[in-house]
Amino acid sequence: MLSPELITDGGSLVEEAPISVFVVDDVPELRELIRFGMEQDPAFEVIGEAGDGRSALEGIAETRPGAVLLDLSMPDMNGLEAIMEIRRNDPNVAIIVLSGFSADRMAPATLERGADRYVEKGTPIQELRDATRMAVEERQGE
């Protein structure tokens, strides 16, 4: 399990690295809130962000995060298109869709395209962190 707990490595204690997260949403203030909420837990580190799908693809390729938090409604390339491109470029990254659309309406389409989880905006931050942690663990086969 990924967490910032101390683990042993050949007899010495080592702190496990936090889960690196890339946040994609077209609202800068929301990206800031997500960053703040995720980083309240030392198990997460936001290493990049983007406001549209195309910029996200470039940033994700550069930073190689463990997880991507992705909005669906964005300019240049919507989240559904971005999911397929992200998955094609990095089959190991966990993709968590964070959207204002209801899960009943959009979750099946996102999971079909390669997302690992679907979380509705407005969900408590702890649930978003839990969903991210679980998606990363599943992608890494833990």
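A residue is called buried when its relative accessible area is under 20%, exposed when it is over 50%, and partly exposed in between, using a 1.4 Å probe and protein chains only. With that in hand, show the whole chain: of its 142 residues, 47% count as buried.

A word on what you have open. This is a predicted model, in which local features need a pLDDT of at least 70, side-chain atom pairs count only at pLDDT 80 or more, and totals for chains, interfaces and linings use all residues. Numbering runs from 1 along each chain as its sequence is written, and side-chain values use heavy atoms, with hydrogens and water left out.

**Stop 1: the whole chain**

Switch to cartoon. You should find 5 helices and 7 strands (DSSP runs numbered from the N terminus: H or I of at least four residues for helices, E of at least two for strands). Trace the chain along the sequence and the pattern reads β-β-β-α-β-α-β-α-β-α-β-α.

Now colour by pLDDT, the predictor's confidence in each residue from 0 to 100. The chain averages 90, and 89% of its residues reach 70 or more. Select residues 1-9 and you'll see the pLDDT drop below 50, although this stretch has 29 contacts in the model beyond near neighbours in sequence (a contact means heavy atoms within 4.5 Å). Where pLDDT is low, the predicted coordinates should not be read in detail.

**Stop 2: a helix pair**

Select residues 79-89 for α3 and 103-113 for α4; these helices pack at about 25 degrees, with their axes 9 Å apart. The axes are lines fitted to C-alpha atoms over the stretch in contact, and angles run from 0 to 180 degrees between N-to-C directions. That makes α3 roughly parallel to α4, a label for angles under 35 degrees. To see the contact, show side chains for Leu80, Ile83 and Met84 on α3, and for Met106, Ala109, Thr110 and Arg113 on α4.

**Stop 3: two loop residues with positive phi**

Go to Arg64, in the loop between α2 (53-63) and β5 (67-70). Arg64 is not a glycine, yet its phi is positive, about 50 degrees. Is Arg64 buried or partly exposed? Its relative accessibility is 49%, so Arg64 counts as partly exposed.

Then jump to Asp76, in the loop between β5 and α3. Asp76 also has a positive phi without being a glycine, near 70 degrees. With 56% relative accessibility, Asp76 counts as exposed.

Technical notes
Parallel < 35°, antiparallel > 145°, perpendicular 65-115°, else oblique.
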